2 protein chains.
Amino acid sequence: MNMPEVEPISRESTAAIIARQLREAIMTGALQPGDQLGEAELAARFQVSRGPLREAMQRLVSEGLLRSERHRGLFVIELEPGDIYDIYAARAAIERAALIRIIRSDPAGAGARLREVLAEMAGAAGDGDSSAMSRADLRFHEELVALSGSRRLARMASTLLIETRMCLAALQRTDHSPADRVAEHTAIVEAVEAGDEQRALELLEAHMEDAITRLAPGTSLYSAPPQVPDDGVDITG
Amino acid sequence: MNMPEVEPISRESTAAIIARQLREAIMTGALQPGDQLGEAELAARFQVSRGPLREAMQRLVSEGLLRSERHRGLFVIELEPGDIYDIYAARAAIERAALIRIIRSDPAGAGARLREVLAEMAGAAGDGDSSAMSRADLRFHEELVALSGSRRLARMASTLLIETRMCLAALQRTDHSPADRVAEHTAIVEAVEAGDEQRALELLEAHMEDAITRLAPGTSLYSAPPQVPDDGVDITG
DNA sequence: GTTCGTATGATTGTCAACAATCCGCGCGCC
DNA sequence: GGCGCGCGGATTGTTGACAATCATACGAAC
C-alpha cells in the first residue's frame, strides 16, 4: 500500500494547540512580559471555554514561560538582568551537547541541513530584512538541537529560544552587522563538517559569549550569578 | 518589624500540588511506565474534581513525563533503550554547566553543602540501605544544580532526575559497591573545593559515562543515537 | 488628611452535567 | 472459521454555572 504516515485528523489535543499559540504570542511580543492572561478574554478569542484554555496555560507554567499567582491570575514572566545570563548559559550547555552528538554521529548530513538555514540567513542579510534574519537565526539553533536527535535537548532548547526572543525584544540590543552574524554561524557549520569538535565548541561558546556581552555588558558566560538565591527550588505556583 | 517571608497560606495552586504528587508517584514507581492515568479514579483519590487534575496532568505532559493520546487518555512514558542514553547525555550537559557555574562563583560554600549530602550518602552506604543510598544520590545531583543558582538548569534537571529514577527502576542495574559510589561523588566535591574545574568536569563526565555503561552496555555518552529520527519535533499530544 | 472598614464588581477556582469518542462484545454474513 | 457490523458501557473532552477570592472605590472615624 505504501501510505506514508497517515495520522488521522487532529491527533493533537486542544490544550497542545492553544499552548503552541500562546508560546507564539509570547515570542512575538503579542503578549508582553508582565501581561496578565485574562481567562475570559483569551477563551473568547480562541473560541473555547475556560477549561481547555486553563489546561494549556498550565503547560506554559511548567515550562517557566508563565508565572502563576493564586486567585490573581497568570502572567507572562518578566526577565530580570540575571535571567539573560541564565538563559544563555543554559543554551550554551544544551547546544554544546547537541553539537557533540551531531559531530559524533552524522556531521556531513547535519552540515547539509544547517547550510540550508545558512542560505536563508544569508538571503535575509542581503535583503537587509532584520525580521527574517532573526527568524533564520532562531531556526538555525532549532535545527541544531533537532539534528542532535535528542527529544529532551530539543524540548529544553525550544523554551530557551522563546526566552531568548523575549530578551531581544525587551532589550534594545546593539546588533552587529548581519554579515558578521552569518559568518559566525557559518564558521560553526564548517567546523561541524570538518569534524573538528574542539573548534566547533569553541566557536559556539564564543557565539554565546558574544550574544550575552551585547545584551548584558559586564556579565559573562558562567560568571557569578547576580540574581538572588531565592528560597530554594521554585514552586511555579 | 522584621517579619521574614511570611508567605500566606497555600500560595501554591491546586494543580501544582497535584502535579508534584504525580511526579512523586511516577518516580517511586507507584505509577509505572505505560500505565494509564484514569481521570475518575485519580480525581477521587485526590479528592478533587477532574478539572484541577487535568490541569496538573497537562503540566507533566509538557515536562515529557506523560504522553497524551487524544480521546484515549494519558499514559506514563515508556523509556526505550535510546532514552537511557538521551537522559544521561542531557544530564551530563546540564550538570556540567552547573558545575562550571559553581566553581566560578562559590566553590567553598557549595562544597560544604555537598558534603552534607555526602555524609548522608556515606551513612546510607554504611547501613547497607540501598533505598536511602538512591535517595542521597538523587539529592546530591539536585543540590548540585540548585547550587548553580540557575532556575532553568534546576528545572530541567528536576525532570531528568525523575526519568533517571524510572530508568533505574525499570532496568535491573548492576550496581557497583556503595563505597565506590560514595567515592565517585566525593571526588567531584574535592575537585570543586580545590577549584579544579577541568578535573571536576572530567570526573562528572566519567560518573555519567559509568552510569550509562551499566544501564545500557555498549552505548556511550554522546554516541550515535540508535533511536528513530521520528518525524520532526515532538508534539506532546 | 490619613486610615480603616465596607460594599461592589470582576476574576479565578471548582464542580457536575452533557456531548463525543473509543473499546469490547456479540451477531450476522460470507 | 473469518470478517465486517453495530450496539452498549466506559472514558475523555467540553461546557456553563456556582462559590471563593481579590481589587477598587467610597465613606466614616479619628
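Buried area is the accessible area, for a 1.4 Å probe, that two parts lose on being put together, summed over both. In this predicted model, chain B and chain A bury about 5,000 Å² between them on that definition, with 45% of the area on carbon and sulfur atoms. The contact draws on 53 residues from chain B and 53 residues from chain A.

The relation between the two protein chains was examined by superposition. Chain B can be laid on chain A with an RMSD of 0.0 Å by a turn of 180 degrees, accompanied by a shift of 0.0 Å along the axis. The two copies are therefore related as by a two-fold rotation axis. The same surface serves both copies, in that 100% of the contact residues of chain B recur in chain A.

Polar and charged pairings across this interface were then counted. Between chain B and chain A there are 10 salt bridges, one of which joins Asp83(B) to Arg152(A), where the closest N and O atoms are 3.1 Å apart. Across the interface of chain B and chain A, 23 residue pairs are in polar contact, with both residues at pLDDT 80 or more. On the side of chain B that touches chain A, the elements that give two or more residues are α1 (14–28), α3 (50–63), α4 (81–105) and α7 (151–170) of chain B. The largest share of that side, 14 residues, comes from α4(B). By class, the residues of the side of chain B that touches chain A divide into 20 nonpolar, 14 polar and 19 charged.

The surroundings of the two DNA strands were considered in turn. Around DNA strand D there are 18 residues, of which Thr14(A), Ser49(A), Arg72(A), Arg50(B) and Arg54(B) come nearest, and the surface near this strand therefore includes residues of both chain A and chain B. Of the atoms of DNA strand D within 4 Å of the protein, 71% belong to sugar or phosphate, and the rest belong to bases. A polar side-chain atom of Thr14(A) lies 2.3 Å from a phosphate oxygen of DNA strand D, whereas polar backbone atoms are involved at Glu39(B), 3.3 Å from a phosphate oxygen of the strand, and at His71(B), 3.4 Å from a phosphate oxygen. The elements that give two or more residues to the surface near DNA strand D are α3 (50–63) of chain A together with α3 of chain B, and the largest share, 3 residues, comes from α3(A). The residues of this surface divide into 3 nonpolar, 8 polar and 7 charged.

Around DNA strand C there are 16 residues, and those that come nearest are Arg50(A), Arg54(A), Thr14(B), Ser49(B) and Arg72(B). Sugar and phosphate account for 71% of the atoms of DNA strand C that come within 4 Å of the protein. A polar side-chain atom of Thr14(B) lies 2.4 Å from a phosphate oxygen of DNA strand C, while a polar backbone atom of His71(A) is 3.4 Å from a phosphate oxygen of the strand. His71(B) also approaches DNA strand C, with a polar side-chain atom 3.4 Å from a sugar or linking oxygen. By class, the surface near DNA strand C has 2 nonpolar, 7 polar and 7 charged residues.

Methods
Residues are numbered from 1 along each chain as its sequence is written. Chains are lettered from A and ligands numbered from 1 in the order in which they are written. This is a predicted model: local features need pLDDT of at least 70, side-chain atom pairs count only at pLDDT 80 or more; totals for chains, interfaces and linings use all residues. Side-chain values use heavy atoms; hydrogens and water are left out. Contact means heavy atoms within 4.5 Å. A salt bridge is a side-chain nitrogen of Lys or Arg within 4 Å of a carboxyl oxygen of Asp or Glu. A polar contact is a pair of N or O atoms within 3.5 Å; within protein, one must be able to donate a hydrogen and the other to accept it, and residues adjacent in sequence count only if both atoms are side-chain atoms. Helices (H or I, at least four residues) and strands (E, at least two) are DSSP runs, numbered from the N terminus. Ala, Val, Leu, Ile, Met, Phe, Trp, Tyr, Cys and Pro count as nonpolar, Asp, Glu, Lys and Arg as charged, and the others, Gly among them, as polar. Copies are superposed by least squares on the C-alpha atoms of residues with pLDDT of at least 70 in both.
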